[in-house]
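Grab a coffee and open the viewer. Below are some exercises to work through by eye, each with its solution.

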Amino acid sequence: MLRYLTAGESHGELIMGIVEGIPSGLLIRVTDIDRDLARRQTGYGRGGRMKIEKDTVKIYTGVRWGRTLGSPLGLVVRNKDWENWRAKMSPDPTFLNTADPVTRPRPGHADLAGALKYGTADIRNILERSSARETAMRVAVGSVARRLLEEFGIEVVSHVISIGGVSARGDKMSHKDIKKRAEASEVRCADPDAAKKMMRKIDEAQKAGDSLGGVFEVIVTNAPVGLGSHAHWDRKIDARLAAALMSIQAIKGVEVGSGFGVANRPGSLVHDEIFWSAKAGFSRKTNHAGGIEGGMTNGEPIVLRAAMKPIPTLMKPLRSVDMVSKKPFKASVERSDVCAVPAAGVVAEAVTAFEIASAMIEKFGGDSIDEMKRNYEGYLKHLKARMGME
């Protein structure tokens, strides 16, 4: 079983992660993880923190001479802003009361619900962990999972399809072109004209002291038939992917394939007809299902979309109430993102890669990457025979 845990606070000394279940012999390159960490920090509309931090990972355990040992991986990303928060966030009780408690909850954050749930009088105990800073480690973990998927020719890409009401054209593009165009765009949008309009929208929101949300799409190519299961609710691959995407901070909705669009169409325009040829085996000419049927991958590209709400930390004050005095106030901040949709797409790639890697390990097992590959190749040979392929 593949699993991971993250730990750490936004202004703590570091963010750490433990990954268990990666088979031995998998080549891990720190430069690959650092590249994905850098991608997470880019995007038009990001705030001042991105100028402070330049994330890099250090692997402490589970890898020897560049290859996994089969034991848990220990990863650390250090927070450069820690020096300014050493006393305020120290685990050492001798620093008690060196920072005033935060008692003013911000609308749209975990502040109020978290403080009430955990019985704390200082909201900082909640906001530090609920911060999206935690996603730096999820991107690092996802990069390890992506490395495993590369061994099987599986690729995960993302691109932004709308920001602030500006939508990209739905032109048919290859996955290769989508990746190339998105990576070259400041808002990670494959439609250059829409990207310019999105950037103008972000500029307008910044001047108004507001923030913007949007929608991104994640595409997984070359995943084999049969990942997931129809037999149990918690093994359905679409349920697992949806949960992973919904776990990303500020995500409020997830679609698979045509998503909510299927509710307004007749079945004849929703379901993907099945064809067969000796060369391709079973195939489909459409992909409204988004590569998943009955909780299992069907061999078509997996297509997921997620909606991100506007960043709730605003320069434009929103009304709230002090938890101690119960007096109203207007919340305001000095530093925040205007739009983080492009970065959220990178995080979504990571959590998607992890869930697909987890399903691959469940399906094909193996204590080493070579054993896993043998099992995978045997399965593909079996599938070809079942489908009557030449």
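The exercises that follow deal with a predicted model, so keep that in mind as you go.

**Exercise 1. Find what Arg146 pairs with, and say which parts of the chain the pair links.**

Step 1: Start from the side chain of Arg146. It forms a salt bridge with Glu349, and the closest N and O atoms are 2.7 Å apart.
Step 2: Place both partners. Arg146 sits in helix 5 (residues 135-150) and Glu349 in helix 9 (residues 341-364), so the pair links distant parts of the chain, 203 residues apart.
Step 3: Check the surroundings. Arg146 and Glu349 are both buried.

**Exercise 2. Take the salt bridges Asp55 to Arg40 and Asp210 to Lys316, and work out whether each partner is buried or partly exposed.**

Step 1: Asp55 and Arg40 have their closest N and O atoms 3.6 Å apart. Asp55 is in the loop between helix 2 (49-52) and strand 3 (57-61), while Arg40 is in helix 1 (residues 30-40), 15 residues apart.
Step 2: Buried means under 20% relative accessible area. Asp55 has 3%, so it is buried; Arg40 has 5%, so it is buried too.
Step 3: For Asp210 and Lys316, the closest N and O atoms are 3.3 Å apart. Asp210 belongs to the loop between helix 7 (192-207) and strand 9 (214-221), Lys316 to the loop between strand 15 (302-308) and strand 16 (318-321), and their positions lie 106 residues apart in the count.
Step 4: Partly exposed is the range between 20% and 50%. Asp210, at 28%, therefore counts as partly exposed, and Lys316, at 37%, does as well.
Step 5: For the wider picture, the structure holds 33 salt bridges.

**Exercise 3. Compare the expected span of helix 5 with its end C-alpha distance, then work out how enclosed the helix is.**

Step 1: Helix 5 has 16 residues, and at 1.5 Å a residue it should span 22 Å. The expected span uses one less than the number of residues.
Step 2: The end C-alpha atoms of helix 5 are 22 Å apart, which agrees.
Step 3: Now count buried residues. In helix 5, 15 of the 16 are buried, so the helix is largely enclosed by the rest of the structure.

**Exercise 4. Trace what Glu134 and Arg129 touch.**

Step 1: Glu134 lies in the loop between helix 4 (124-130) and helix 5. At 9% relative accessibility, Glu134 counts as buried.
Step 2: Leave aside neighbours within four places in sequence, and Glu134 is in contact with Thr6, Ile15, Arg129 and Gln249. With Thr6 there is a side-chain polar contact of 3.0 Å.
Step 3: Move on to Arg129, which is in helix 4 and counts as partly exposed at 31% relative accessibility.
Step 4: With the same neighbours left aside, Arg129 is in contact with Thr6, Ala7, Gly8, Glu9 and Glu134. A polar atom of the Arg129 side chain lies 3.0 Å from the backbone oxygen of Gly8.
Step 5: Finish with the backbone: the C-alpha atoms of Arg129 and Ser10 are separated by 6.2 Å, though the two are 119 residues apart along the chain.

**Exercise 5. Work out which strands pair with strand 9, and in what sense.**

Step 1: Strand 7 (residues 155-163) pairs with strand 9 in the antiparallel sense over 8 bridges. As a landmark, Val156 has Val220 in strand 9 as its bridge partner.
Step 2: Strand 15 also runs antiparallel to strand 9, joined by 7 bridges. Here Glu217 stands opposite Arg305 of strand 15.
Step 3: Of the 8 residues of strand 9, 7 are buried, so the strand is largely enclosed by the rest of the structure.

**Exercise 6. Decide how the buried residues of helix 8 are arranged around its axis.**

Step 1: List them: Ile237, Arg240, Leu241, Ala244 and Leu245 are buried.
Step 2: Look down the axis. These buried residues fall within an arc of 130°, so they line one face of helix 8.
Step 3: See what that set packs against: helix 5, strand 10, strand 13 (292-293), strand 14 (296-297), strand 15 and helix 9.

Methods. Residues are numbered from 1 along each chain as its sequence is written. This is a predicted model: local features need pLDDT of at least 70, side-chain atom pairs count only at pLDDT 80 or more; totals for chains, interfaces and linings use all residues. Side-chain values use heavy atoms; hydrogens and water are left out. A salt bridge is a side-chain nitrogen of Lys or Arg within 4 Å of a carboxyl oxygen of Asp or Glu. Helices (H or I, at least four residues) and strands (E, at least two) are DSSP runs, numbered from the N terminus. Buried means under 20% relative accessible area, exposed over 50%, partly exposed in between (1.4 Å probe, protein chains only). A polar contact is a pair of N or O atoms within 3.5 Å; within protein, one must be able to donate a hydrogen and the other to accept it, and residues adjacent in sequence count only if both atoms are side-chain atoms. Contact means heavy atoms within 4.5 Å. Two strands pair if DSSP finds at least two bridges between them. The arc is that of the directions from the helix axis to the C-beta atoms.
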